[in-house]
Amino acid sequence: MPLSEVQSQAHAVDALSSALGKKQVHHAWLFHGPDGVGKELAAMGFAQALVCLDEPYVGCGTCAACTRVVRRNHPDVTWVMPEAEQVERGLAGRSDFTNTPSRDIRIDQVRALQERLAFRALEAPHKVALFVTAHAMNQPAQNALLKTLEEPPRDTVLILISSAPDKLLPTIRSRCAKAAFGPLPLEFIANKVKTSSKKGVEDGLARQIAAMAAGSMARALALDPKALEQRRETIEAFEKLTPNDASGWIALAEVMGEDRGTAEAGIDVLQIWFRDVALAQVGAENLVNADLAPLAMAATSRVSPAGLQRRAGLLEEAKNAITQRNGSTRLQLERMFIEMFTA
Ligand SMILES: [Zn+2]
């Protein structure tokens with residue numbers, strides 16, 4: 001997909017098109033913004049513009065070079081991502097790696113890239129490297145990459161894609177031109193949810209899914225009606241919890257903490273729910289969980305604004321611990337509920 005077809009990201013697309021239009025493309029770019037809003041799509045379009053021979057600095061989207069960018073087999077376009085990401089995307093098998101596939105981008109991957117970049121481009125006017133989840137680069141890898149950023153090989157463009165750019169060294173960030181991607185508009189996501197569903201999703205449900213996805217197309221398309229039902233169950237179970245009811249906390253922690261996936265999904269649901277309750281506390285009406293508005297109203301009498309803020313903080317802590325894989329998800333959730341209800 002050429003850059004011009006990337007939708008609802010005018011700010012980033014304009015910055016990139018303007019650089020291409022001047023035929024003066026900075027050697028390193030940081031594409032930053034939430035997950036699932038089109039950063040990688042735009043990076044592909046940008047790469048096409050840099051390697052397309054039919055429409056140089058624009059990208060036709062259909063020639064052999066452009067097509068090979070999308071198929072990931074253009075010889076002058078290198079993709080760098082963690083091994084685990086390659087496995088999750090079906091680009092590699094678990095057996096391709098001798099050890100457990102790494103979640104980091106490691107120094108040997110950066111070195112291999114540097115070796116490739118030392119040669120001239122094979123077919124295209126530019127060599128392009130795309131770092132997917134660039135923040136997954138560990139410290140040695142980041143330090144190694146810094147050399148390339150300081151003394152870039154000619155005709156090379158590096159694209160660092162990241163939803164957590166603060167995990168990159170300040171010295172890396174400062175050497176990159178920035179393209180900022182924002183959350184996608186609700187209507188845009190709702191439409192896409194409707195058109196991409198084979199079973200047909202009605203307007204109300206499409207909007208509900210879009211609202212819950214908080215601007216991320218990837219999240220919206222991953223949500224299904226079953227997940228919405230799960231959301232309702234999680235919220236209702238949470239609102240039944242009371243102080244001094246340890247068995248209730250433990251039971252919910254057990255259900256939510258079945259695995260990392262259920263824990264993260266449950267925490268996301270509660271995060272949005274707490275925001276809804278906070279909105280209800282000030283009399284606002286546009287809740288994400290619109291169908292549970294009466295429950296949100298009832299919840300406002302059970303927790304003060306300060307108490308709600310404290311709960312949101314505890315939720316954030318648990319989320320960080322779980323995404324960083326610090327111990328058992330169930331125990332993290334249990335501890336969180338205990339702290340929430342024994343203030
Ligand atoms: Zn082309």
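**Two domains, a zinc site and a buried strand core**

The centres of domain 1 and domain 2, taken over C-alpha atoms, sit 37 Å apart. The domain assignment places domain 1 at residues 3–180 and domain 2 at residues 224–341. The model is a predicted one. Along its principal axes, the C-alpha trace runs to about 70 × 45 × 35 Å. The secondary structure adds up to 16 helices and five strands, and of the 343 residues in the protein, 45% are buried. For a feel of the distances involved, take His74 and Gly307: these two are 233 residues apart along the chain, and 54 Å lies between their C-alpha atoms.

The strands are a good place to start. Strand E1 covers residues 28–32, and four of these five residues are buried, so the rest of the structure largely encloses the strand. E1 has two pairing partners to look at. With strand E4 (residues 156–162), E1 pairs in the parallel sense over five bridges, and here His32 has Ser162 of E4 as its bridge partner. With strand E5 (residues 177–180), E1 shares four bridges, again in a parallel arrangement; in this pairing Trp29 stands opposite Ala177.

Strand E2 (residues 77–80) is covered on both of its faces: Val77 and Trp79 are buried on one side, and Thr78 and Val80 are buried on the other. That split fits the usual pattern, as side chains in a regular strand alternate between the two faces of the sheet. E2 runs parallel to strand E3 (residues 127–131), and four bridges join the two. Within this pair, Val77 stands opposite Val128 of E3. Leading up to E2 is the loop from H3, and His74 is found in that loop. Loop residue or not, His74 counts as buried because its relative accessibility is 3%, under the 20% cut-off.

Next comes the metal. The zinc ion takes its protein donors from the SG atoms of Cys52, Cys60, Cys63 and Cys66, which lie 2.3 to 2.4 Å from the ion. Along the chain, these donors follow the spacing C-x7-C-x2-C-x2-C. What geometry does the site of the zinc ion have? The angles among the four donor atoms run from 101 to 114°, and the site is tetrahedral. For reference, the ideal angle for four tetrahedral donors is 109.5 degrees. Of the cysteines, Cys52 and Cys60 are both buried.

The loop between helix H2 (39–51) and helix H3 (64–70) also holds Pro56. Pro56 has a relative accessible area of 42%, so this proline is partly exposed. In sequence Pro56 is 33 residues from Lys23, yet their C-alpha atoms are 9.2 Å apart in space.

Lys23 itself lies in the loop between H1 and E1. Its backbone stands out a little: phi of Lys23 is near 55°, a positive value in a residue other than glycine. With a relative accessible area of 54%, Lys23 is exposed. Ser8 has a positive phi too, near 60°, and is likewise a residue other than glycine. This serine belongs to the segment before helix H1 (10–21). Is Ser8 exposed, buried or partly exposed? At 35% relative accessibility, Ser8 counts as partly exposed.

Over in the C-terminal part of the numbering, helix H15 takes up residues 305–323. At 1.5 Å a residue, its 19 residues should span 27 Å, and the end C-alpha atoms are indeed 27 Å apart, so expectation and model agree. The buried residues of H15 are Leu308, Arg311, Leu314, Leu315, Ala318, Ala321 and Ile322. These cover an arc of only 140° around the axis, which puts them on the same side of H15. The face turned away from that buried side carries the exposed residues Pro305, Ala306, Gln309 and Glu317. H15 is followed by Arg325, with a positive phi near 60°.

Note on methods: Residues numbered from 1 in each chain as written. Predicted model: local features only at pLDDT ≥ 70, side-chain atom pairs only at ≥ 80, totals over all residues. Heavy atoms only, no water. Buried < 20%, exposed > 50% of the residue type's maximum accessible area, 1.4 Å probe, protein only. Pairing = 2+ DSSP bridges. Domains from an automatic or database assignment. Expected span 1.5 Å × (residues − 1). Arc of directions from axis to C-beta. Donors = N, O, S within 2.8 Å, 3.2 Å for Na, K, Ca; no water. Tetrahedral: all angles 85-135°; square planar, octahedral: opposite > 155°, others 65-115°.
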